[in-house]
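Please find below a short set of comments for your consideration. They are arranged as numbered points and may be read alongside the coordinates.

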Amino acid sequence: MNISTLQPLDWNHFFLQQTDTQTFEKLQSNELLIFRISAIHRSVIKGLGSNWPEGEVELLCPEYFQPISEFFCVGDWVIAERTNEHFRIFKVLEAKNQLERLSNHKRQLMAANLDYLFIVTSANSNFNIKRLERYLAMAYECQIEPVIVLNKIDLTDNVDGFLDQIRSLSVHNLAAVSVLEPDSLLSLSHFLIPTATIAMVGSSGVGKSSLVDALFTHVQKKQSDIQPVREIREDDDKGKHTTTSRQLIINEQGVLFIDTPGIRELQLLNAQEGIKQTFDDIIRLAQECKFTNCTHQTEPGCQVLQALEGGILPLYHWQNHQKLLKEDAFNARSAQGAYAQKQHQKTFSKKIFREQMKYRENKGNKK
Ligand SMILES: Nc1nc2c(ncn2[C@@H]2O[C@H](COP(=O)(O)OP(=O)(O)O)[C@@H](O)[C@H]2O)c(=O)[nH]1
Ligand SMILES: [Mg+2]
Ligand SMILES: [Zn+2]
């Protein structure tokens, strides 16, 4: 296979260096092929390969990669072997990052190899600042740059009220949009880079799928021969369109989106680092407490208590911090297997971190 045809799917040196000489030869003779996982729906796995503009290919998954959600997810790169008319996954390449959560005491992968995490919320009663903090902690923990997207601004007269709340969070990227007002979507252009992979997360009904649809053709067309791959959605029992599985969609400009179904409950998995970054204001305050082992309960000279009393530190923010820490410690204990997997991933991440940075720099220079 001609590996360079995978570049529009964000294939790069980081993945190439994971293939040894023997594998590389088999790739060239088409004995082995590379695919990026584009959809997982129950046991059906689909991938985009070198002939990707023509559509997805169904991939077979051997027993030792089951349950699938613990081994790979949409956005991952796999090497598959040709068996008669089928392709069977035989190796999953290490991801540069993976979005994961805890589900039924097990590590569940949600999306991999991401450049941005669009945390979508809506400017109505569904808005929940604590939920945003939870998503932010997940993004920081997984080392994926978060972008908070406040959608449905057409429904409110008080966009600033929502924005003020979001600005109190530890996040640099923020956009206020409405799918019904195409011009507002231009505020997202900065992130819509060809070959960038963007995962959409947020509660059900906030407009994730609508946004992907709207961004499908909205962005300025660039001269390219890229063929779009349209999203497949299924009707649910109520006859309403709803996203039932995660899938990778490429828009006309070459941006890769991973749409995900709404998560009812997001449980973090061993996310101390992510929590630290999300609540860095509290961390800084706590460093100023009189006693280094201050528990911020009754101690004199406690900066946290003073900030709470003075109204500088919002109570919900402090309470959510305590809650997430407690939950995280509990989850880490109750999911030892998942925890070990995570540690392994972390060690590996450190090793490849420098490579990633180098790659990002090159990519930035190219674009
Ligand atoms: N008023 C308004 N409705 C929207 C907007 N974006 C999406 N919707 C509606 O919100 C509902 C849920 O959207 P959907 O994209 O399925 O949400 P998802 O569950 O997050 O994927 C649909 O009825 C959309 O038409 C918006 O910007 N403004
Ligand atoms: Mg959806
Ligand atoms: Zn204190």
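**Comments on the predicted model**

1. The loop between helix H8 (280–287) and helix H9 (303–309) contains His296. The model is a predicted one, and the remarks that follow should be read accordingly. Phi of His296 is positive, at about 60°, although the residue is not a glycine. Most residues other than glycine have a negative phi. His296 has a relative accessible area of 16% and therefore counts as buried, the cut-off being under 20%.

2. His296 also takes part in a metal site: through ND1, His296 coordinates the zinc ion (ligand 3), together with the SG atoms of Cys289, Cys294 and Cys302. The coordinating distances run from 2.1 to 2.4 Å. Along the chain, the donors follow the spacing C-x4-C-x1-H-x5-C. Cys289, like His296, is buried.

3. Why is the arrangement around the zinc ion (ligand 3) called tetrahedral? The four donor atoms subtend angles of 106 to 117°. Four donors count as tetrahedral if all angles lie between 85 and 135 degrees, so the arrangement qualifies.

4. A second site surrounds ligand 1, which has 15 residues around it. Those that come nearest are Asp154, Val179, Gly205, Lys208 and Ser210. By character, the shell divides into four nonpolar, eight polar and three charged residues. Helix H6 (residues 208–218) supplies the largest share of this shell, namely three residues.

5. Several polar atoms of the protein lie beside oxygen atoms of ligand 1. A polar backbone atom of Ser209 is 2.9 Å from one such oxygen atom, and a polar side-chain atom of Asn151 lies 3.1 Å from an oxygen atom of the ligand. For Val206, a backbone N or O atom lies 3.4 Å from an oxygen atom of ligand 1. Taken alone, ligand 1 exposes 580 Å², of which the protein buries 71%.

6. Two further backbone features deserve attention. Gln66 and Pro67 are joined by a cis peptide bond, with omega about -10°. Most peptide bonds are trans. Pro67 belongs to the loop between strand E3 (57–60) and helix H3 (68–71).

7. Asn84 is a residue other than glycine with a positive phi, near 50°. Asn84 sits in the loop between strand E4 (77–83) and strand E5 (86–92). Is Asn84 buried or exposed? Its relative accessibility is 73%, and Asn84 therefore counts as exposed, the cut-off being over 50%. His296, by contrast, has a positive phi but is buried.

Methods: Residues numbered from 1 in each chain as written. Chains lettered and ligands numbered in written order. Predicted model: local features only at pLDDT ≥ 70, side-chain atom pairs only at ≥ 80, totals over all residues. Heavy atoms only, no water. Near = heavy atom within 4 Å. Polar contact = N/O pair within 3.5 Å; in protein donor to acceptor, adjacent residues only side chain to side chain. Areas by Shrake-Rupley, 256 points an atom, 1.4 Å probe, with all protein chains shown as cover. Helix = DSSP H or I, 4+ residues; strand = E, 2+ residues; numbered from the N terminus. Nonpolar A, V, L, I, M, F, W, Y, C, P; charged D, E, K, R; others polar. Donors = N, O, S within 2.8 Å, 3.2 Å for Na, K, Ca; no water. Tetrahedral: all angles 85-135°; square planar, octahedral: opposite > 155°, others 65-115°. Buried < 20%, exposed > 50% of the residue type's maximum accessible area, 1.4 Å probe, protein only.
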